[in-house]
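The following exercises concern the reading of secondary structure, burial and side-chain pairing from a coordinate model. Each task is followed by a solution in steps.

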Amino acid sequence: MGYIVAIEGIDGAGKNTLSRALEKELADAGLAVAKLGFPAYGRTPFADFADDALHGRLGDVAESAWAMALLFALDRRDMRDEVIAATEGADVLVLDRYVASNAAYSWGRTGDRAVVEWVRDQEFGRHGMPVPDLQVHLGTGVAEAARRAKNREAADESRTRDAYERDGGLQDRVARAYSDLAAESWASPWHVAGDSAGGLAERVIADLERSIRPGG
């Protein structure tokens, strides 16, 4: 099984940029790297249902945080075999959002810690999703993340912001949820990162080296 690192953060935090940079850093170090992103839009019906709901095309589904949490969980469940295959075929699998995203956004919406444990039990337990070796909180400020999301929308008409991206209050609550999850090492170890992939790559490589040492 390869090493799984999940990049997490609010909308506009720079997750895709960091995950691509990390992929390059690790590949330059001679490692075989795979990369996947969630939600898997265009690849699972559950991701597309979630997208429809967040853009107001699926009635009142988006009004229920638990319904959205289930859609995102089922999206990953549909991709489980591909996630497992990627970990078996590469030294490192880089994930742009993963299970913690569901936990943080659901907690941010409901204020109910019970949904966090439901996500954990459902995704890592019932659905058997692999637990990441490292989760990364990309702690970009809410105002800067919102600015990036708006600029992205203006530059690409296919990237219309959804209901979550437009809700500044939600993004602030989700940022705090991520910070709390990272502080308690929810589900697995966490790394708090800036925009640079260099230090993160060093952490991943060090973890891999420890895992192959005798007694590591």
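**Exercise 1. Helix α9 and the sheet**

Determine which strands α9 lies across, and state its angle to β4.

Solution. Step 1: helices (H or I, at least four residues) and strands (E, at least two) are taken as DSSP runs, numbered from the N terminus. Helix α9 lies across β1, β4 (134-138) and β5, contact meaning heavy atoms within 4.5 Å.

Step 2: α9 runs at about 145° to β4. Axes here are lines fitted to C-alpha atoms, for helices over the stretch in contact, and angles run from 0 to 180 degrees between N-to-C directions.

The model is predicted: local features need pLDDT of at least 70, side-chain atom pairs count only at pLDDT 80 or more, and totals for chains, interfaces and linings use all residues. Residues are numbered from 1 along each chain as its sequence is written, and side-chain values use heavy atoms, with hydrogens and water left out.

**Exercise 2. A residue of α9**

Establish whether Gln-171 is buried or exposed, and identify what its side chain reaches.

Solution. Step 1: Gln-171 is found in helix α9. Its relative accessibility is 5%, so Gln-171 counts as buried; buried means under 20% relative accessible area, exposed over 50%, and partly exposed in between (1.4 Å probe, protein chains only).

Step 2: with neighbours within four places in sequence left aside, Gln-171 is in contact with Ile-10, Asp-11, Tyr-105, Val-142, Tyr-164 and Glu-165.

Step 3: the side chain of Gln-171 makes a polar contact with the side chain of Tyr-105 at 3.4 Å. A polar contact is a pair of N or O atoms within 3.5 Å; within protein, one must be able to donate a hydrogen and the other to accept it, and residues adjacent in sequence count only if both atoms are side-chain atoms. The backbone oxygen of Tyr-164 is reached by the Gln-171 side chain at 2.8 Å.

**Exercise 3. The sheet and strand β4**

Give the order of the strands in the sheet, and describe how β4 is covered.

Solution. Step 1: five strands form an open sheet in the order β2-β3-β1-β4-β5, with parallel pairing; two strands pair if DSSP finds at least two bridges between them. The edge strands are β2 and β5 (190-193), each of which pairs on one side only. From one strand to the next, the twist averages 20°.

Step 2: strand β1 (residues 3-8) pairs with strand β3 (residues 92-96) in the parallel sense over five bridges, and Tyr-3 stands opposite Val-92 in β3. Strands β1 and β4 also pair in the parallel sense, over four bridges, and Ile-7 has Val-136 in β4 as its bridge partner. Four bridges join β4 to β5, where Ala-193 is the bridge partner of Leu-138.

Step 3: in a regular strand the side chains alternate between the two faces of the sheet. In β4, Leu-134, Val-136 and Leu-138 on one side and Gln-135 and His-137 on the other are all buried, and both faces are thus covered.

**Exercise 4. Salt bridges**

State how many salt bridges a search of the whole structure finds, and characterise the pairs formed by Arg-43 and Arg-176.

Solution. Step 1: the search finds 11 salt bridges, a salt bridge being a side-chain nitrogen of Lys or Arg within 4 Å of a carboxyl oxygen of Asp or Glu.

Step 2: Arg-43 forms a salt bridge with Glu-82, the closest N and O atoms being 2.6 Å apart. Arg-43 lies in the loop between β2 (33-37) and α2 (45-54) and Glu-82 in helix α4 (residues 80-89), so the pair ties together parts that are 39 residues apart in sequence. Glu-82 is partly exposed, with a relative accessible area of 31%.

Step 3: Arg-176 forms a salt bridge with Asp-172, with the closest N and O atoms 2.3 Å apart. Both residues lie in helix α9 (residues 168-183), four residues apart, about one turn of the helix. Arg-176 is partly exposed at 46% relative accessibility, as is Asp-172 at 32%.
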